[in-house]
Amino acid sequence: MSDPAGREAEDARLGNEVEGYLLWQATIAVAEQRARDFTGPMDWLTTAQREEIERHYIADSLHRARQDLERVAARCRSLRTEYEQRYQTLRLRCVACTLAAAACLTSVTTAALSLAR
């Protein structure tokens, strides 16, 4: 049988890829629309000039969008590392406090039993 956790991880990865693809396609559509809106009032342009300006506008928009996404992804990775380190520290503190409390409880119980005898 297949590992359910592995299957869930694969499904999540696939879902993230589909979501990323759809996001990028939406970004392309927005860039194309903004390029058309930009060249729209320029009625003196020839068709070739209009297409070239739109192509450059779209390329620039997508380049900037990619840079933004890469910055966001880098920040997410940075935060994930930071939170994992904080979680590890917190977990170690909790274990240490639990062990200390258990040691104190054992000492108190042992002392109480020895006094009761």
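**Exercise 1.** Decide whether alanine 29 is buried, partly exposed or exposed in this predicted model.

*Solution.* Begin with the location, which is helix α1 for alanine 29. Next, take the relative accessible area of this alanine, which is 38%. A residue counts as buried under 20% and as exposed over 50%, with partly exposed in between. Alanine 29 is therefore partly exposed, because its value is 38%. As a last step, look across to isoleucine 58, which is 29 residues apart from alanine 29 along the chain, while the C-alpha atoms of the two are separated by 9.4 Å.

**Exercise 2.** Apply the same reasoning to threonine 89 and to glutamate 54, and state for each whether it is buried, partly exposed or exposed.

*Solution.* Threonine 89 belongs to helix α2, and with a relative accessible area of 38% it is partly exposed. Glutamate 54 also lies in helix α2. Its relative accessible area is 18%, and because the cut-off for buried is under 20%, glutamate 54 is buried.

**Exercise 3.** Set the separation in sequence beside the separation in space for two pairs, threonine 89 with glutamate 51 and glutamate 54 with glutamine 33.

*Solution.* For the pair of threonine 89 and glutamate 51, the separation is 38 residues in sequence and, from C-alpha to C-alpha, 57 Å in space. For glutamate 54 and glutamine 33, the corresponding values are 21 residues in sequence and 9.4 Å in space.

**Exercise 4.** Find which residues make up the largest nonpolar core, and which element gives the largest share of it.

*Solution.* The core consists of seven residues, namely Trp24, Ile28, Ala31, Ala35, Ile58, Leu62 and Ala65. Two elements, α1 and α2, each give two or more residues to this core. The largest share comes from α1, which provides four residues.

**Exercise 5.** Describe the largest pocket by its volume, its lining and the kinds of residue found there.

*Solution.* Start with the volume, since the largest pocket holds about 270 Å³ of space. Then list the lining, which is made of Gly20, Tyr21, Leu23, Trp24, Arg66, Leu69, Glu70, Val72 and Ala73. Helix α1, spanning 4-39, and helix α2, spanning 47-116, each supply at least two residues of this lining, and α2 gives the most, with five residues. Sorted by kind, the lining has six nonpolar residues, one polar residue and two charged residues.

**Exercise 6.** State how many aromatic pairs the whole structure has, and say where the charged end of arginine 66 sits.

*Solution.* A search of the whole structure finds one aromatic pair. The charged end of arginine 66 sits over the ring of tryptophan 24, at 5.1 Å from the centre of that ring. Both Trp24 and Arg66 are among the residues that line the largest pocket, and Trp24 is also one of the residues of the largest nonpolar core.

Notes. Residues are numbered from 1 along each chain as its sequence is written. This is a predicted model: local features need pLDDT of at least 70, side-chain atom pairs count only at pLDDT 80 or more; totals for chains, interfaces and linings use all residues. Side-chain values use heavy atoms; hydrogens and water are left out. On a 1 Å grid over the protein atoms alone, a cavity is a set of points where a 1.4 Å probe fits but cannot get out, and a pocket is an open set with protein on both sides within 12 Å along at least five of seven lines; lining residues have an atom within 4 Å of a point. Grid points are joined across faces, edges and corners, and a volume is the space filled by probe spheres set on the points. Ala, Val, Leu, Ile, Met, Phe, Trp, Tyr, Cys and Pro count as nonpolar, Asp, Glu, Lys and Arg as charged, and the others, Gly among them, as polar. Rings of Phe, Tyr and Trp (its six-membered ring) pair if their centres lie within 6.5 Å; planes under 30 degrees apart count as stacked, over 60 as edge-to-face and the rest as tilted. A charge sits over a ring if NZ of Lys or CZ of Arg is within 6 Å of the ring centre and within 35 degrees of the ring normal. A nonpolar core is a set of buried Ala, Val, Leu, Ile, Met, Phe, Trp, Tyr and Cys residues joined through side-chain atoms within 4.5 Å. Buried means under 20% relative accessible area, exposed over 50%, partly exposed in between (1.4 Å probe, protein chains only).
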